[in-house]
Amino acid sequence: MRYYRIADFSIGLETTNNSVISRFEPFAVDKPENLDLAIDLVPKRDIDVPGGDMLSNEKKLVWIKKSDGGYFSYLENPYGTPCVAVDSDAEWEKCTIYYQDNIVSSNPDINPSDILALQFIGMTFRSHIVYKNSIVLHASCIEYEGKGIAFTAPSGTGKSTHARLWEENKTGTRVINDDAPIIRLIDGKPFAYGSPWSGSTDKFLNINAPLTAIVLLEQATVNSIRPLSIQEAVTLIMPRVLLPYHDSKMMEMAVSTFEKVISAVPAYKLKCRPDAEAVETVYQCIM
C-alpha cells in the first residue's frame, strides 16, 4: 500500500503499476492515521460484471447500482466486455479497480492500459469527494500572488494557452492544474487544488490557493471582460463541472457544492485573443 494526499484527502493505493506510481509521486506521504479512500488497483484479463440495477450506459461507460448499495462501473471494449472497471462501496471509500494490462496501441509511446487505470482512479476519486463538499472543474487553474484563478471553456478554446500566457507575462505564475483542478469548500470558502489528472499537457503541482475568480473564455478579435451574474455563471459554467450524472443522490450533492462555489467566487466572461493584452485585461479586472 502506498499513501498519497490529494486536495488534503488521504488515499491508500495498492498497486504495482509503475506508471501510476510515478505520476502520483509528488503527492506521496507517510502512512496517515486515517484513510479517506482506499483503492486496490488489480490487473485482470477477464472482468466479471455483478448483478444490479442499470443506472446508465453512455459512450460505452456502464454504471450499475449493486444490491448492497455500492456501485460498479466499467468501460466496454469493442467486443462488448469490460476493459477496465471499478467496484465500490456505497460512499466511495473502499474501491477495487480492475484493468486489462495487455491492451496495445499502434503508437509505441502510448500504453492504453496505464491510461485507463489512471482515468478510473480519477473517476473513483471524483466520486469520493462529492461526499466531501468538493468537485472537479474542467479548467486550467493558475496561482498568482496567492490567488487562484480558473480559466474554463469548451475543449480547444484556449485554456492552456491562456495559462501559458500568464506564465510568460506575469512572473511567479504557477499552474495548479492545466485540465481538472479540484475545487474544495472549506468553511464555506473555495480552494483550488492540484491533482495528478491534468489532460494532455501533464502540467500540475501539489499546491493549493484560495479560488479568487472563474473566468469563462471565448475567442474574439478584441479583448474584453465583464462580470457574470450568478444565473449566467450557473448556466455557462456548470457544463464545465465533471458531474455524476449516473446517480441522483450524488448529483444533488455535487450541484449543491457547485452552487455554493459560484455564489462565493466572482465569475467573468473574457472575450480574448491569445496575447499578452488578454492577460493584462484579466489582471486589471481581478487583481
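**Notebook: a walk from helix α5 to the sheet**

I started with helix α5, on the face turned away from its buried side, where I found the exposed residues S248, E252 and S263. A reminder to myself: this is a predicted model.

**Entry 1, the other side of α5.** Next I looked up which residues of α5 are buried, and the list reads M250, M251, A254, V255, T257, F258, V261 and I262. They cover an arc of only 160° around the axis, so they sit on the same side of α5. The general rule helped me here: an α-helix has 3.6 residues a turn, so residues three or four places apart point the same way.

**Entry 2, the length of α5.** I wanted to check the helix against its expected span. It runs over residues 248-264, which makes 17 residues, and at 1.5 Å a residue they should span 24 Å. The C-alpha atoms at the ends of α5 are 24 Å apart, so the two values agree.

**Entry 3, the start of α5.** What caps the N-terminal end of α5? I found D247 doing this, with a side-chain oxygen 3.2 Å from the backbone nitrogen of K249.

**Entry 4, a stop at R126.** I moved on to helix α2, residues 112-129, which holds R126. Is R126 buried, exposed or partly exposed? Its relative accessible area is 28%, and buried would need under 20% while exposed would need over 50%, so R126 counts as partly exposed. Leaving aside residues up to four places away in sequence, I noted that R126 touches V136 and L242. I also looked up F27, which is 99 residues from R126 along the chain; their C-alpha atoms are separated by 16 Å.

**Entry 5, the sheet.** Then I traced the strands. Eight of them form an open sheet with mixed pairing, in the order β1-β2-β3-β8-β7-β6-β5-β4. At the edges I found β1 and β4 (53-58), each of which pairs on one side only. From one strand to the next, the twist averages 20°.

**Entry 6, the hairpin.** I finished with β1 (residues 2-6) and β2 (residues 9-14), which pair in the antiparallel sense over five bridges. As a general note, strands of a sheet pair through backbone hydrogen bonds, either parallel or antiparallel. Following R2 across, I found its bridge partner in β2 to be L13. Two residues lie between the strands of this hairpin, and A7 takes a positive phi near 55°.

Notes:
Residues numbered from 1 in each chain as written. Predicted model: local features only at pLDDT ≥ 70, side-chain atom pairs only at ≥ 80, totals over all residues. Heavy atoms only, no water. Expected span 1.5 Å × (residues − 1). Buried < 20%, exposed > 50% of the residue type's maximum accessible area, 1.4 Å probe, protein only. Arc of directions from axis to C-beta. Polar contact = N/O pair within 3.5 Å; in protein donor to acceptor, adjacent residues only side chain to side chain. Pairing = 2+ DSSP bridges. Contact = heavy atoms within 4.5 Å. Axes fitted to C-alpha atoms, helices over the stretch in contact; angles between N-to-C directions.
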